[in-house]
Amino acid sequence: MTTGFARLPDASAFRLVDLRLPACLIEGEGFPADRDGLARVDLAIADCRIAAIEPAGASAEGTVPVCDLDGGIALPRLVDCHTHLDKGHIWPRRPNPDGTFAGALAAAGGDREANWSARDVRARMDFALRCAFAHGTAAVRTHLDSLGDQIGISWPVHAEIRAEWAGRIAVQASPLFGAEEALDPVHMAAVVAAVKAHGDGLLGCVTYMIPELDRALDILFRAAIENGFDLDFHVDESNDPAARSLERIADAALRHRFEGKILCGHCCSLSLQAPEDEARIIAKLREAGIAVVSLPLCNMYLQDRRAGRTPRWRGVTALHELKAAGVPVMIASDNTRDPFYAYGDLDLVEVLREGTRILQLDHSGPGWANAVARTPAQVMGIEAGVVAVGARADLLLTRARDWTEFFSRPQADRSVLVAGRAIDRTLPDYRELDHLMGQTS
């Protein structure tokens with residue numbers, strides 16, 4: 001059993017003293033921050049919840065036990081708003097043949113057709129969630145491939161998994177299919193029925209520049225309005241500046257006066273637009289109330305890959321410009337050990353660390369911790385991602401005292417608290433999945 005470095009008192013009431021919290025993730029005022037945006041505080045924990053937040057050293061000595069964190073950074077448990085639990089961990093049996101986006105599509109589609117039974121999908125989803133839980137994740141939104149018979153397989157499994165993980169990780173799902181499938185009324189009826197029966201009030205698809213894109217978007221927006229769904233799109237995962245379905249989504253949102261939440265993922269080609277086009281598109285996103293999630297690890301892996309040639313760009317969207325314009329922005333894990341990304345473990349500390357490097361989030365203000373906490377929680381409509389009096393004591397504790405210490409190491413000795421108790425952070429062994437991969441131990 002591994003519970004991390006912190007030795008918490010075995011009591012229902014105790015205090016965590018001298019920890020650093022990102023000020024942007026504290027509910028309340030009066031917590032001055034240092035140059036890294038970190039506020040030094042004490043937390044009182046009682047009956048699984050945060051009973052008080054006070055400046056470090058301000059509270060009087062009490063009778064409850066104390067755990068001194070010696071200035072270490074703490075975070076609320078984090079929120080991963082864009083993943084693919086149904087694809088995860090298939091790399092051993094279906095690797096990407098050449099590392100390209102086209103290779104990923106073909107490999108994942110072939111594996112789905114050959115192997116995605118309810119038993120297979122359930123085992124891999126549960127394995128991935130155990131990884132996320134051990135790393136300190138509070139909530140996950142996954143995309144579920146929703147084509148043909150797979151609709152009737154994956155959606156009931158999602159509902160079962162969501163119920164089993166309630167109280168540990170909040171799990172949401174959004175359907176995933178190509179925009180052209182929205183033109184098929186039989187397909188749309190099956191997807192809407194699955195979301196109603198097993199889903200979380202989310203509808204979406206992959207958008208790209210097909211001739212009938214506007215009609216497909218109108219169908220999706222009308223279905224969302226009629227059923228009270230929010231929308232979640234995969235958008236312009238391409239290095240082609242002509243890929244501008246993001247603008248068409250914003251136009252559709254304004255055309256339909258859509259009042260629900262809209263999240264657009266990837267949006268890679270936005271960063272390759274001419275400045276005036278980028279500014280126009282971003283202004284429409286802000287007007288339409290659309291949020292954007294960048295997937296830095298996956299997009300850096302896939303985008304601009306050509307055999308024998310060094311990549312020339314990082315594959316990520318214009319996150320700084322979006323944030324500066326007031327568009328809600330976040331980063332997330334995306335794929336894990338599948339043809340779209342050969343690596344990853346649903347560890348948002350890794351995502352924040354590598355995202356900071358890839359997107360150069362340092363030297364651009366202290367509030368980027370929001371991108372894996374408060375902002376995705378708001379988009380998902382859940383209570384998570386902040387430290388607040390009365391909230392459940394769900395925390396991630398580290399020994400790092402500033403962001404350079406935090407990002408220089410993987411924080412493998414972190415402690416994760418759920419309802420005020422340190423969880424076992426032992427990760428599941430990949431060998432558990434060998435029977436699904438055609439491997440023996």
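**A tour from strand β4 to helix α8**

Begin by selecting strand β1 (residues 13-22) together with β4, two strands that run parallel and are joined by 5 bridges in what is a predicted model. Within this pairing, pick out Arg 20, whose bridge partner in β4 is Ile 73. Keep β4 selected and add strand β14 (residues 395-397), which runs antiparallel to β4 and is joined to it by 3 bridges; here Ala 74 stands opposite Leu 397 of β14. If you now display the surroundings of β4 (residues 66-76), you will find that 8 of its 11 residues are buried, so the strand is largely enclosed by the rest of the structure.

Next, select helix α3 (residues 150-165) and helix α4 (residues 185-198), whose axes come within 10 Å and cross at roughly 15°. Because angles under 35 degrees count as roughly parallel, the two helices α3 and α4 are described that way, and their crossing is right-handed. To see the contact itself, show the side chains of Ile 151, Trp 155, Pro 156, His 158, Ala 159 and Arg 162 in α3, which meet His 187, Ala 190, Val 191, Ala 194, Val 195 and His 198 in α4. The residues of this contact divide into 8 nonpolar, 3 polar and 1 charged.

Finally, move to helix α8 (residues 296-302) and centre the view on Asn 299, which is buried, with a relative accessible area of 0%. Leaving aside residues up to four places away in sequence, Asn 299 touches Glu 237, His 266, Cys 268, Arg 314 and Gly 315. Add Asp 334 to the selection as a last stop: Asn 299 and Asp 334 are 35 residues apart in sequence, and their C-alpha atoms are 9.1 Å apart in space.

Key:
Residues are numbered from 1 along each chain as its sequence is written. This is a predicted model: local features need pLDDT of at least 70, side-chain atom pairs count only at pLDDT 80 or more; totals for chains, interfaces and linings use all residues. Side-chain values use heavy atoms; hydrogens and water are left out. Axes are lines fitted to C-alpha atoms, for helices over the stretch in contact, and angles run from 0 to 180 degrees between N-to-C directions. Helices (H or I, at least four residues) and strands (E, at least two) are DSSP runs, numbered from the N terminus. Angles under 35 degrees count as roughly parallel, over 145 as roughly antiparallel, 65 to 115 as roughly perpendicular and the rest as oblique. A crossing is left-handed if the near helix is turned anticlockwise from the far one by less than a right angle, and right-handed if clockwise. Contact means heavy atoms within 4.5 Å. Ala, Val, Leu, Ile, Met, Phe, Trp, Tyr, Cys and Pro count as nonpolar, Asp, Glu, Lys and Arg as charged, and the others, Gly among them, as polar. Buried means under 20% relative accessible area, exposed over 50%, partly exposed in between (1.4 Å probe, protein chains only). Two strands pair if DSSP finds at least two bridges between them.
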